[in-house]
Amino acid sequence: MPTFVTRPAGARAPRAALAVSAATLVLFASPAQATDGYFLNGSGAKAKGAGGVGIAMPQDALAIVANPAAATSLGHRLDIGVELFVPDRGAEIAGNGAGLDGRYSGNGSNPFVLPEIGYVRPLADRVALGLAINGNGGMNTHYKTNPFASFGAEGSAGVNLQQIQISPTLAVEVVPGHSLGVSPVIVLQGFEMTGAQPFAGYSQAPANFTNRGTDWSAGVGVRLGYLGQVTRFLKVGAFYQSKVKTGDFDRYAGLFADGGSFDVPEAWGLGAALTPVPALTLGADYKRINYGGVAAVGNPIDVLFQGRPFGSEGGPGFGWRDVDVWKLGAVYTASDRLTLRAGYGRSDNPVPRAQTLLNIFAPGVVRSHYTLGATFALSDRTEVTGYAMRAPRQTVRGEGSIPAPFGGGEADVSLAETSVGFSLGLKL
């Protein structure tokens with residue numbers, strides 16, 4: 001992270017250098033989150049300490065990721081954060097006639113460092129601009145002992161999906177207390193799979209299925225937001241993010257349906273924030289993520305045996321279903337310098353019991369998230385924020401999960417997560 005040095009009064013802080021340094025860290029880090037499916041459970045250290053709540057409860061510049069309309073309520077500020085993320089993923093196979101039985105750890109790669117940066121600046125009384133660069137989400141597994149070795153797989157097995165989004169933002173307070181915002185969402189994503197050689201025989205392009213190194217693609221979508229002060233005590237908000245059509249992963253055109261297509265799912269949500277007394281704010285968010293609308297993610301493995309091989313139009317995916325996400329958060333101002341936070345998030349499990357075999361590679365099954373956080377003001381213009389998150393282990397037990405041509409039996413997948421992070425906030 002950049003080092004901040006106190007300068008004499010009147011000296012200009014190296015704001016451009018700070019922004020460039022942080023942006024570089026984000027772009028070259030390896031986001032590997034698997035929380036609300038594989039989306040992040042929150043944006044910005046303050047939201048992450050309050051259960052991920054952010055649609056109607058903006059607290060720092062990264063709030064424009066949850067709701068671009070928030071830019072008009074944040075003032076002029078820069079927030080730079082970093083998270084240390086430790087997933088605990090694994091699988092167990094039983095009753096398989098082809099010799100796959102065993103317990104397998106997917107924790108060959110840990111931990112992950114996840115930076116993010118947000119900047120907001122008012123242009124006029126009712127107009128503000130912003131820019132956020134952060135990880136949208138991702139998934140990583142690394143099985144040093146390959147679960148598919150008895151099928152003939154070689155080397156370690158796993159995937160690494162990285163999604164980074166860049167969100168330039170414009171927000172306007174159209175009438176007092178009510179703002180609209182828009183962000184073109186630029187997504188850069190990378191993907192790599194290893195150790196899945198046996199499945200390549202079921203692909204229309206077996207040479208582009210596994211062990212092809214990291215491939216990259218990019219795309220652009222749009223995020224719209226509304227934030228309104230309904231009463232003195234109540235704010236409400238909403239956002240909609242379009243499906244982001246990205247370029248194909250050509251190196252994995254034999255894996256993903258439709259010749260390597262891997263778009264970012266559509267999502268939308270609603271939020272509310274209630275301030276019953278000046279020192280306390282309570283927030284709640286609801287979000288819908290339409291994973292099933294992306295063929296590579298949502299198509300079930302069953303279509304493989306209906307004449308549609310991997311990589312074909314409408315071919316097999318990971319069988320994920322759409323999810324509903326609920327978040328609750330509390331922010332308490334303990335003193336002029338200290339603010340405390342706590343929160344809870346609950347997500348549907350996107351992986352059906354019949355789809356666990358391929359999700360040994362992508363067990364994004366955690367459901368509950370518990371968070372704590374705090375901000376300490378070092379001065380009127382500088383603050384530090386810290387948070388911690390724990391997602392208890394969630395196991396999905398397979399039911400009819402391994403097709404007979406693969407030896408039958410069941411595959412169980414599990415995931416738990418722990419993360420800690422901090423940010424530096426500057427009021428400019």
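User: Which residues make the nonpolar surface patch of about 960 Å²?

Analyst: In this predicted model, the patch is made by Leu123, Leu129, Leu170, Val172, Val174, Val175, Leu180, Val182, Leu224, Tyr240, Trp268 and Leu270.

User: Which element gives the largest share of the nonpolar patch?

Analyst: Strand β5 does, with four residues. At least two residues each are supplied by β5 (157–175), β6 (178–194) and β9.

User: How should the accessibility of Val175 be read: buried, partly exposed or exposed?

Analyst: Buried means under 20% relative accessible area and exposed means over 50%, with partly exposed in between. Val175, in strand β5, has a relative accessible area of 41% and is therefore partly exposed.

User: Where is Asp263, and is this residue buried or exposed?

Analyst: Asp263 is placed in the loop between α4 and β9 (267–277). Because its relative accessible area is 5%, Asp263 counts as buried. Its side chain reaches the backbone nitrogen of Thr246 at 3.0 Å.

User: Which residues gather in a patch of negative charge on the surface?

Analyst: The patch brings together Asp248, Asp250, Asp258 and Glu313. Of these, Asp248 belongs to the loop between β8 (234–241) and α4 (257–260), and its relative accessibility of 32% makes Asp248 partly exposed.

User: How many residues apart in sequence are Val230 and Ala272, and what is the distance in space?

Analyst: They are separated by 42 residues in sequence, and their C-alpha atoms are 10.0 Å apart. Val230 sits in the loop between β7 (215–229) and β8; with a relative accessible area of 47%, Val230 is partly exposed.

Note on methods
Residues numbered from 1 in each chain as written. Predicted model: local features only at pLDDT ≥ 70, side-chain atom pairs only at ≥ 80, totals over all residues. Heavy atoms only, no water. Patch = residues over 30% accessible without salt bridge, like charges linked within 9 Å, V, L, I, M, F, W, Y side chains within 5 Å. Areas by Shrake-Rupley, 256 points an atom, 1.4 Å probe, with all protein chains shown as cover. Salt bridge = Lys/Arg side-chain N within 4 Å of Asp/Glu carboxyl O. Lys, Arg positive; Asp, Glu negative; His and termini not counted. Charge placed at Lys NZ, Arg CZ, Asp CG, Glu CD. Buried < 20%, exposed > 50% of the residue type's maximum accessible area, 1.4 Å probe, protein only. Polar contact = N/O pair within 3.5 Å; in protein donor to acceptor, adjacent residues only side chain to side chain.
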